[in-house]
Every structure is written in structure tokens, then in C-alpha cells.
Amino acid sequence: MRYPDLLASVGHTPLVGLPRLSPTADVRLWAKLEDRNPTGSVKDRAALAMIERAEADGTLAPGATILEPTSGNTGISLAMVARQRGYHVICVMPENTSFERTQLLRMWGAEIVYSPAQGGSNEAVRVAKDLASRNPDWVMLYQYGNPANPQTHYDTTGPEILADLPEITHFVAGLGTTGTLMGVGRFLREHKPEVQIVAAEPRYGELVYGLRNLDEGFVPELYDESVLTSRYSVGPHDALMRTRQLLHEEGIFAGISTGAILHAALGLADRAAGSGQVADICFIVCDGGWKYLSTGAYEGSLEEAEQAISGQLWA
Amino acid sequence: MAIEVQIPTILRTYTGGEKTVTADGGTLADLVADLDAKFPGLKDRVVDDAGLRRFVNVYLNDEDVRFLDGLATPLSDGDSVTILPAVAGG
Ligand SMILES: Cc1ncc(COP(=O)(O)O)c(C=O)c1O
């Protein structure tokens, strides 16, 4: 495929079958390889869409500074787009993220403000909102509430999936900002109302839930429960086990949130096979495993790996 | 009937620091009432007049109860219930 520049190549990702992990000939799993985007994650779509919308409505002027709370991937994607479009990026990122996230952000020229590990992304959002209020000329695109985030999945990811898999029965993705699930979910519901839209939410170590009070809990403004059929919480043991299984059985080297998503997808696959249904289950490979190598996720026993990533954010 | 309940850090002041407690109940609402009898005050932190509090998620065997029957979700012996504050990613 030929494109005029790198940004034009965002999206158009392959959908690959998983013959070894699919339980029967009638229940098939399909992986949408979002790691094949320029920075290696699904977030390139949202970052590009948010910047283009802000350029179109005049929010972003040449030379502007973009501020964003992020656990890493969105910041890396924004930095990649900003480098080409001439903006400066400041990311507020929790300190309990992999070393590679810091390296990649710096590589694409972003500045990093660390937020405390305790409280995870919720704390990054709070710190970024505070910084934004004190620097009114900075532009916060705010992925948790920016309609361009789900809209790009409605406009691109959803149609790509339906074109490649018209027989789709289930769609499974991770739940971070909820952009992927809201956008693809709405698109699929409009075109195939019977499709099940299933969320796999990462369950982290205790540190991440260490808020001072329950009112510090955070639900992204974009989240609309009515788009989903069900929502599962997947812990590090299951997520790591599936990440390794995907690597060993199908050769796909994915990040840890993809393992969590695969865990939910395999649960649905087993249920469909058990009740004799025909199912075509599409799930998102959010990113590759590269930026988690230093965490130890792929080495030693599962217990050692679980220990190694405890307290870290992986979505 | 015994149901294992995982308590998040911020609510452990009610359970004397216990991370996992057991309680009984035919439904999630019954379970929350039983928890409140054992650990007074816990209920108000988890539910309000409208149902589950906005920033609290409750999972039955890893599935979000909002997609089951909410507080009316039936429970069985051996089930595991996890209470967590809502957190984001991205
Ligand atoms: C690795 C990874 N997995 C899953 C997600 C969740 O995607 P979304 O923000 O669209 O809900 C993200 C980003 O938020 C991510 O970076």
C-alpha cells in the first residue's frame, strides 16, 4: 500500500485469523492488529483525529503546546503527530509505567510531567487539569471527553472490521478512555444490531486503586454503558497467561492489555462452542509487546512476571 | 452460603484492615446488607438511593454487575465478589 505520508497510513490494519486458538471450526477468533500503526498502538487513530479536529476548529494554532494526561500510548501517538505538524507536547504520565514509555515519549520530543503512582491514571487526569487551569494557552485535547476519539473508531476501525468480517458476532476491546469500544460499538450496533460488544478492563495491583476517597474514582465522560453488552475485569495473572499464549500459539507478540482482551474473547468463544453456536469473534490487539520488555512480563514463570508488573499500568 | 468479597484499600477502614471477607446473601443487595451488619457504614460507601455509587464498580466472578441485574443480581455459594473504585486508562 502506498500513502503520501506517514500520517495517511494510520489505520487500515490487518485482521488475522487465529486457527490454533479458535475452539472449533464454527467458533473463530480474529485479531485486529492495531500494533501495525506508526507508533505501534491503537492510539495513533485517536491522537491524529483529535489533532485534526482541533486544527479544523481553530483550537490548535501553529506552534501551540498540547497538554495531555496519558498512561503512555496516547502521549506517544500525540508526540508523533505533533512532531510532523509543529506542536510541542507535554504529557502527564503516572510514574508507574514502563521505562520504554518514557523513552518513546522523549524520542518523539515530548516533555513528561510525572504524576504519583498511587491513583494511576486518575491522578494524571487531576494533575493535568490543574496544570491546564494555570496555563490557559496550553491546549488539552482531553482524550477522555473528546468526541473525536470515539468518532475516528466509528469512521475507520468499525468499517474496516465490518468490511473484513461481515459475519462478525462479537467485538471485544480494552477499556481505557472507552474510545475504541464506544466508536466501534456504535458503528457495529447500527449495522449489525445483534453483535455483542464486550469490554475487557484491566485489573491492576492495589497501588493503582489507592485513592484517598471514593469520589476520586473516575469514569471517562465518553463512557456510555448502553453501548456495551458486558464488561469483564481481568487481572494480571490471566492477562499475562493469555499474552504468552497468543505469542506461543499464534506467533503474535502483543502487550499485556491484549492478553486481558483475549482472555475475555476466549471466555465468549468457549460459551459459544459449548452451546453449539456459530461465532466470529473479533478482538483488538492494542499494542505490541515491545514497550513492556523491561517489565519482565515475558520472562520467567507467570508468578514471577505477575510480581514484576504488580503496581504497573498496562493500558 | 459463603461468598468471598474483595475489599478495596480505601474501604478497609471498615473491615479492620481485612482485604478479603466473607458474607451471605441471595442477591447482591442482600450481600451488601449483610456486609453492613458486620461492618457498619460500609453500605453507604457502596450504594446510594439510586443504586451502586457512580465511582464504585462491583464484579461478580469478574463480570461487572451493572451488565447483570445490578443489586438484584442473584448470588450462589462459592461466588466471588470484587469491589473497586473506577479507574481509567489511556
Ligand atoms: C495498551 C492499551 N490498551 C487498551 C487501551 C484502551 O483503549 P481506549 O482508550 O480506546 O479505551 C489503551 C488506551 O487507552 C492502551 O494504550
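In this predicted model, helix α1 (residues 43–56) of chain A packs against helix α2 (residues 73–85) of chain A, with an angle of about 50 degrees and axes 8 Å apart. That angle makes α1(A) oblique to α2(A). Two further helix pairs, α7(A) with α8(A) and α7(A) with α9(A), are covered below, together with a ligand site shared between chains.

**Helices α1 and α2 of chain A**

- The crossing in which α1(A) passes α2(A) is right-handed.
- On the α1(A) side, the contact is formed by Lys43(A), Asp44(A), Ala47(A), Leu48(A), Met50(A), Ile51(A), Glu52(A) and Glu55(A).
- On the α2(A) side, the residues they meet are Asn73(A), Thr74(A), Ser77(A), Leu78(A), Met80(A), Val81(A), Ala82(A) and Arg85(A).
- Sorted by class, the residues of this contact between α1(A) and α2(A) are 8 nonpolar, 3 polar and 5 charged.

**The ligand site**

- The ligand is surrounded by 16 residues.
- The closest of these are Lys43(A), Asn73(A), Thr177(A), Thr180(A) and Ser257(A).
- Because the surrounding residues come from chains A and B, the site is shared between chains.
- Lys43(A), which also takes part in the contact of α1(A) with α2(A), has an N or O atom in its side chain 2.6 Å from an oxygen atom of the ligand.
- Asn73(A), listed among the closest residues to the ligand, is also part of the contact between those two helices, on the α2(A) side.
- For Thr177(A), a polar side-chain atom lies 2.6 Å from an oxygen atom of the ligand.
- For Thr180(A), the distance from a side-chain N or O atom to an oxygen atom of the ligand is 2.5 Å.

**Helices α7 and α8 of chain A**

- Helix α7 (residues 236–250) of chain A and helix α8 (residues 256–274) of chain A have axes that come within 7 Å and cross at roughly 90 degrees.
- The two helices, α7(A) and α8(A), are therefore roughly perpendicular to each other.
- From α7(A), the contact draws on Asp238(A), Ala239(A), Leu240(A), Met241(A), Arg242(A), Thr243(A), Gln245(A) and Leu246(A).
- From α8(A), the contact draws on Ile256(A), Thr258(A), Gly259(A), Ala260(A), Leu262(A), His263(A) and Leu266(A).
- The contact of α7(A) with α8(A) has 8 nonpolar, 5 polar and 2 charged residues.

**Asp238 of chain A**

- Asp238(A) is found in helix α7 of chain A.
- Leaving aside neighbours within four places in sequence, Asp238(A) is in contact with Gly259(A) and His263(A).
- With His263(A), the contact includes a polar one between the two side chains, at 3.4 Å.
- Asp238(A) and Ile256(A) are 18 residues apart along the chain, and their C-alpha atoms are separated by 9.8 Å.

**Helices α7 and α9 of chain A**

- The axes of α7(A) and helix α9 (residues 302–309) of chain A come within 10 Å, crossing at roughly 120 degrees.
- That makes α7(A) oblique to α9(A).
- α7(A) passes α9(A) in a right-handed crossing.
- Pro236(A), His237(A), Leu240(A), Met241(A) and Arg244(A) are the α7(A) residues that meet Leu302(A), Glu303(A), Ala305(A), Glu306(A) and Ile309(A) of α9(A).
- By class, the α7(A) and α9(A) contact has 6 nonpolar, 1 polar and 3 charged residues.
- Leu240(A) and Met241(A) belong to this contact and also to the contact of α7(A) with α8(A).

How values were computed. Residues numbered from 1 in each chain as written. Chains lettered and ligands numbered in written order. Predicted model: local features only at pLDDT ≥ 70, side-chain atom pairs only at ≥ 80, totals over all residues. Heavy atoms only, no water. Axes fitted to C-alpha atoms, helices over the stretch in contact; angles between N-to-C directions. Helix = DSSP H or I, 4+ residues; strand = E, 2+ residues; numbered from the N terminus. Parallel < 35°, antiparallel > 145°, perpendicular 65-115°, else oblique. Left-handed = near helix turned anticlockwise from the far one by under 90°. Contact = heavy atoms within 4.5 Å. Nonpolar A, V, L, I, M, F, W, Y, C, P; charged D, E, K, R; others polar. Near = heavy atom within 4 Å. Polar contact = N/O pair within 3.5 Å; in protein donor to acceptor, adjacent residues only side chain to side chain.
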